[in-house]
Amino acid sequence: MAAEAQFIETIIGVGILLFAAKLMAELFLRLKLPIVLGELLAGMIVGPFALGQFFIIDGKQLLHINEEIKILGEMGAIVILFMAGLEMTPKEFLKGGKASFTVGTLGVVVPFFAGFVIFGLFGFEALESMLIATALTATSIAISIQVLSEFGKLKAPEARLIIGAAVVDDILAIAVLSVVISITGSDAGIESINITDVAITILQVLGFFAIMLVVAVIVIPKVITPRLWKAKGSVEGIATASFFGAAALAGSIGLSPIVGAFAVGMALSTTKVFEKVENYIGKIGLIFAPLFFAIIGAQVDLRAVDLNILMVSGVIIAVAIVTKLLGCGLPAMFFLKSKAQGMRVGIGMISRGEVGLIVAGVGVTAGVLTSEVYSTIVIMVAVTTIITPIWLKMEYRKEQKSGSGEPEQNIEQKPE
């Protein structure tokens with residue numbers, strides 16, 4: 001009976017969130033604002049910490065973000081990144097390798113060290129500063145992908161660089177997170193850091209991704225081919241099984257699951273089944289993408305916010321924005337030889353995502369972060385997630401008004 005109640009709770013939640021997301025999407029489309037922002041705000045408005053808390057049946061809230069709904073949200077992120085992978089061939093990814101690696105690496109290093117130093121100066125303990133700094137490293141690429149897709153810019157040079165750099169960023173952020181979690185769980189604390197162990201962990205994570213990418217590119221096109229799968233829906237079904245399987249494999253070896261889905265998407269981008277899979281996954285994305293953004297919004301709880309939390313949040317948000325603009329935007333300007341396109345890369349990397357929330361959760365569970373600092377990290381994730389699509393859309397609006405978009409260039413310009 002309890003399982004049945006849980007199931008009903010889940011389907012009610014999905015129905016409410018999806019309806020609210022599409023309702024706000026329609027409104028934001030008419031207001032000429034990013035649709036993804038409407039879907040995010042829909043979740044915040046109808047979520048259990050806002051209007052949702054007033055709708056009670058049999059003593060329980062009608063909308064409750066349970067584990068099943070969170071899992072559906074994570075599946076949405078996997079679908080979105082698979083779709084992004086389909087837009088980039090392995091050749092294009094490797095071609096922009098130097099630029100993506102540089103921008104992605106600096107997008108982790110600059111926020112981490114700036115956050116660590118700044119919050120140390122504010123009087124936070126070393127381990128607390130390190131956890132806040134770690135929350136500043138990751139990028140929620142799903143937000144930027146949706147905006148780029150709205151504008152038909154997924155094949156633009158800056159979009160290629162944003163996607164490639166975000167994948168590198170995500171891999172390195174996961175590596176940093178694994179190191180920080182090991183320190184948090186150690187009695188010796190920050191004194192237990194061993195530079196060699198840190199370097200080995202990061203290299204292991206990068207190595208796992210490289211192996212996964214190579215295997216996906218070699219194996220997936222041979223498995224998903226019209227020669228083998230002739231029944232209606234077989235190609236689509238096997239493609240879905242492949243990217244979910246790769247996501248599970250990535251998660252099991254310590255990577256973010258979205259990295260595995262992205263790798264399979266790239267592997268299929270040059271195959272004969274590309275158009276069939278792209279058409280199919282586009283329809284799936286119409287459901288999973290808005291659900292993903294609404295679920296993120298629904299988890300934002302701003303009820304405990306006071307003046308002190310707002311002040312600290314302001315500092316964290318400022319650091320979050322400036323460090324990505326400097327760490328990602330400046331090197332992107334160099335690689336793309338364009339100030340405007342480089343700026344868009346910096347903006348596209350600003351939004352933080354689930355890694356930031358995971359770090360906050362780890363810190364609170366370990367007793368390292370106070371509830372106030374946890375709230376500031378959640379606010380930072382929410383605000384950067386909201387401002388990124390608005391800012392990115394403003395940049396593209398400026399380009400449209402000028403009527404002279406900059407000529408598209410390849411990311412790599414010079415021979416090695």
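**Exercise 1. Determine which residues of helix α7 are buried, and describe how the chain continues just after this helix.**

Solution. The buried residues of α7 are I141, A142, I143, S144, I145, Q146, V147 and L148, where buried means under 20% relative accessible area, exposed over 50% and partly exposed in between, with a 1.4 Å probe and protein chains only. Helices here are DSSP runs of H or I with at least four residues, strands are runs of E with at least two, and both are numbered from the N terminus. Since α7 covers residues 141-150, the step from the list to the whole helix is that eight of its 10 residues are buried, and α7 is mostly covered. Just after α7, G152 takes a positive phi of about 65°.

The model is predicted, so that local features need pLDDT of at least 70 and side-chain atom pairs count only at pLDDT 80 or more, whereas totals for chains, interfaces and linings use all residues. Residues are numbered from 1 along each chain as its sequence is written, and side-chain values use heavy atoms, with hydrogens and water left out.

**Exercise 2. Classify the ring pairs F112–F113 and F243–F244 by geometry.**

Solution. Rings of Phe, Tyr and Trp (its six-membered ring) pair if their centres lie within 6.5 Å, and planes under 30 degrees apart count as stacked, over 60 as edge-to-face and the rest as tilted. By this rule there are seven aromatic pairs. In the pair of F112 with F113, the centres are 5.4 Å apart and the planes stand at 90°, which is edge-to-face. The rings of F243 and F244 have centres 4.7 Å apart and planes at 35°, so this pair is tilted. As to accessibility, F112 counts as buried at 13%, F243 counts as buried at 1%, and F244 counts as partly exposed at 26%. Ring pairs also link F82, F243 and F244 into a cluster.

**Exercise 3. Place F82 in the nonpolar core and list what F82 touches.**

Solution. A nonpolar core is a set of buried Ala, Val, Leu, Ile, Met, Phe, Trp, Tyr and Cys residues joined through side-chain atoms within 4.5 Å. The largest such core has 101 residues, and F82 is among those with the most contacts inside it, together with L81, F262, L268, F293, I377 and M380. Helix α8 (residues 157-184) supplies the largest share of this core, 12 residues. Leaving aside residues up to four places away in sequence, F82 touches F243, A261, V264, G265, L268, V277 and I281, contact meaning heavy atoms within 4.5 Å.

**Exercise 4. Describe how helix α10 packs on helix α12, and analyse the composition of the contact.**

Solution. Helix α10 (residues 234-252) and helix α12 (residues 274-298) pack at an angle of about 75°, with their axes 10 Å apart; axes are lines fitted to C-alpha atoms, for helices over the stretch in contact, and angles run from 0 to 180 degrees between N-to-C directions. That makes α10 roughly perpendicular to α12, given that angles under 35 degrees count as roughly parallel, over 145 as roughly antiparallel, 65 to 115 as roughly perpendicular and the rest as oblique. From α10 the contact takes V235, E236, A239, T240 and F243, and from α12 K276, V277, Y280 and I281. These residues divide into six nonpolar, one polar and two charged, where Ala, Val, Leu, Ile, Met, Phe, Trp, Tyr, Cys and Pro count as nonpolar, Asp, Glu, Lys and Arg as charged, and the others, Gly among them, as polar.
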